[in-house]
Amino acid sequence: KDQAELYRADDQAVISSGIPKVNFEEPQTTPDGGRMWLETSKIPLHDAAGMLIGVMGTYSDITPRKRDQQALVESETRTRAIIAALPDIVFVVKRDGTVVEYYAPQESDLYVPAEQIVGTRISESLPPPIATNLLKFIGAALDTNSVQRYEYAMPLPKGETYFEARFSAATNDTTVVVVRNVTDQKHAETERERFLTQLAAQ
């Protein structure tokens, strides 16, 4: 009943104003109590003399599209929540090295200021040897559709920092690059090797 009154009031508004409402979305309750979505247009009707005599309505069921949109929103929300819980830096990078998007929990792990990352090619912002290797692994991930792995050291203001990058194809032209700071792990491995060497020399 409430919906019927709303539709009648909507029709009357179009008739009173003489202004059409085109391609707007509205929900409708189904007989079984469910909900569907309609894309609706309402256009004033005039007689031969130009007098306003009514309204013509057209409706298209867009429920599948609305469900797909909602599923996409929910999927993106879950993905962002997962990324936010990770200690890693995450980049979305095109084949040519252009960074489309990124997430960095620790900006001190970034080589360039955060505001300079999106829209910039890694060849323009990272040391040449590292940028060249990153591009190689990006290409390999896209061409083979397999996960690639690359370890490297980066000179940062806080000192030389070690990273492990993993590359996975997201689309035909973009990769997701997950970068983890493994400096503590590298230092622990170095200390372990030093200890074993000293132990063997005794």
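Trainee: What makes Glu-191 and Arg-194 a salt bridge?

Mentor: A salt bridge is a side-chain nitrogen of Lys or Arg within 4 Å of a carboxyl oxygen of Asp or Glu. The closest N and O atoms of Glu-191 and Arg-194 are 2.4 Å apart, so the pair meets that definition. This is a predicted model, where local features need pLDDT of at least 70, side-chain atom pairs count only at pLDDT 80 or more, and totals for chains, interfaces and linings use all residues. Residues are numbered from 1 along each chain as its sequence is written, and side-chain values use heavy atoms, with hydrogens and water left out.

Trainee: Why does Lys-42 count as buried or exposed?

Mentor: Buried means under 20% relative accessible area, exposed over 50%, and partly exposed in between (1.4 Å probe, protein chains only). Lys-42 has 1% relative accessibility, so Lys-42 counts as buried.

Trainee: And why is Asp-11 called partly exposed?

Mentor: Asp-11 has 23% relative accessibility, so Asp-11 counts as partly exposed.

Trainee: How do you know that Asp-11 and Lys-42 form a salt bridge?

Mentor: Their closest N and O atoms are 2.8 Å apart. Asp-11 lies in helix H1 and Lys-42 in strand S2, so this pair ties together parts 31 residues apart in sequence. Helices (H or I, at least four residues) and strands (E, at least two) are DSSP runs, numbered from the N terminus.

Trainee: What makes Arg-121 and Asp-96 a salt bridge?

Mentor: Their side chains meet at 3.3 Å, N to O. Arg-121 is in the loop between S5 and H3 and Asp-96 in the loop between S4 and S5, so the pair links parts 25 residues apart in sequence.
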